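Visitor: Could you walk me through some of the labels used for this one, and what earns them?
Guide: Sure, let's have a look.

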Amino acid sequence: MNEILKSIQENIDTRKKLIELKTMINDEDLQNIAYLFFSENKDLVESLMKHDDSKVRKNIVSILAKLNLSIYKQEILDLYYNEEQLFVRSSYLNALASFDCSEYLDNFKSQLKVLLNTKVDETNKKHIREEIHILQNLILQLDEPVTHTFTGLTSETEMILSCNRNHVEHIMETIDAKTKRALSSGIYVKTDNIGKLLDNRLYSEILFPLSKARHVPFHPINIAKSIINSKVIPFLQESHSTTDSFCFRIEIRSELDGSDKSKFVRRVVDEIERLSERQLINSTSNYEIEFRFIQDKDGSLNGYLKLYTINDQRFAYRINSLATSIAPANAALICELASDYFVDNAQVLDPFCGVGTMLIERDIALHTSYLYGLDIYGKAIDMARENADQANVEINFINRDFFTFRHLYSFDEVITNMPSFTQASDKEALTSIYSQFFKKVPSFLKDGSMLFIYSTEEGLMEKNLRIHRKFLTIKKEPILKKDNSHLYILQYNENK
């Protein structure tokens, strides 16, 4: 480290040494050394910021940001204004984003106006657009945009309710709307009363199909034009309390991935902002709407709008989740499919409760007298307690292995999302969990107790049900085709 700093001080291989230093200061101890060095050598820093090599200027500014040396933020701002090399300017803005630059907010806004009104040739377009994008996000970071309140629909509007594809017909029967029909991707609904839909727990989200975004050619300009031509801006303005610019995110589900996808999305974003005259502004953190484009088999795209401004409180309790957690809408669907076998004021156990979703949805479906949730993973139990508090459902959560758990009283119901192969260390371990479960669970049951088991391991379930004859299969419902998951509704027969 000292040798590198000395070389920088003596202007020997400066660019190379700065690049090496930038990597080295990922180490906390070395970061402290560099922090003291650059905070005490202001003349050196200023000379580096005036260096003839633009990449030296770029790297020293990046290092100052990494070290959080905010004493240089005015110098970095001045450097940004005076920089003639366009490809470097964005780096200065990224550095300024590391500091509290509230006092420069008006400067940033003025500069954004200048850039938006600047005519650029094709060779500079990429750098100017990148600069605009970073500057825009910096402004949003310092001055949060106006929050829009969804006020309702002014006319009958087409929507798609995304839901479990195996049970579209069943879910459709529960939807309160005159115009509705089943689709392969969910349920088509046309209504002006979105409030009625927000009482239904069986779909996952509402998407508004973009009228001019059907079979859109896979090109940034075509995608952006399809959004504007779908009259999205008038729709947003009519259905919200204020008409200020809307911040959006965009998702393109296609075969593109990695850097190719990032570059393509960036071009789409630029075109949307340009064609909307910045009534639509891209933001990675403050977005209120989402444009979603899904690639068809022929390579074209179909577009949808999602509104995060709709006050959908159905699953607001789920503030915590894990990668293995069941989707709340699927947990609600499981409870709907099992509801004919639920007992009012039941005593319910979930031996693998995770973050508590199954137990919470069980209580919402039909009132219970008490609920017990077990999980060997302590963090999951902490998350489950917070979720239950949000849902205002009283659940006794215990951080314990189900196979060592003891309880004085029997349960009317067991409801659980069984461990899967992705959660177990290997197939042998998972086989053992299933085998032990069917041996252990009778000690918590009484004659006639019901079990509602969601499992992705059909083979292990069928094997154990053949061995343990006291469990009668009342019903077996497929849930998701992609992971071959099923809901097993079982009744325990103590005397069999």
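**Labels and their cut-offs**

Guide: Glutamate 477 counts as buried, at 16% relative accessibility. This is a predicted model, where local features need pLDDT of at least 70, side-chain atom pairs count only at pLDDT 80 or more, and totals for chains, interfaces and linings use all residues. Residues are numbered from 1 along each chain as its sequence is written, and side-chain values use heavy atoms, with hydrogens and water left out.

Visitor: Why is glutamate 477 called buried?
Guide: Buried means under 20% relative accessible area, exposed over 50%, and partly exposed in between (1.4 Å probe, protein chains only). Glutamate 477 has 16%, so buried is the label.

Visitor: And what makes lysine 475 and glutamate 477 a salt bridge?
Guide: The term asks for a side-chain nitrogen of Lys or Arg within 4 Å of a carboxyl oxygen of Asp or Glu. Lysine 475 and glutamate 477 have N to O at 3.6 Å, so the pair qualifies. Lysine 475 itself is partly exposed, because its relative accessibility is 27%.

Visitor: Which residues do shared salt-bridge partners join into one network?
Guide: Glu205, Arg249, Glu251, Arg253, Glu290, Arg292 and Lys306. The structure holds 26 salt bridges.

Visitor: How do you know that arginine 362 and glutamate 413 pair up?
Guide: Their closest N and O atoms are 2.6 Å apart, so they form a salt bridge. The two sit 51 residues apart, arginine 362 in helix H15 (residues 357-365) and glutamate 413 in strand E12 (residues 411-417). Helices (H or I, at least four residues) and strands (E, at least two) are DSSP runs, numbered from the N terminus.

Visitor: Are those two partners buried or exposed?
Guide: Arginine 362 has a relative accessible area of 0%, so it counts as buried. Glutamate 413 is buried too, because its relative accessibility is 0%.

Visitor: What makes H3 roughly perpendicular to H4?
Guide: The axes of helix H3 (residues 28-40) and H4 come within 5 Å and cross at roughly 85°. Axes are lines fitted to C-alpha atoms, for helices over the stretch in contact, and angles run from 0 to 180 degrees between N-to-C directions. Angles under 35 degrees count as roughly parallel, over 145 as roughly antiparallel, 65 to 115 as roughly perpendicular and the rest as oblique. That crossing therefore makes H3 roughly perpendicular to H4.

Visitor: Which residues make the contact?
Guide: Contact means heavy atoms within 4.5 Å. H3 brings Phe37, Phe38, Ser39 and Glu40, while H4 brings Lys42, Leu44, Val45 and Leu48.
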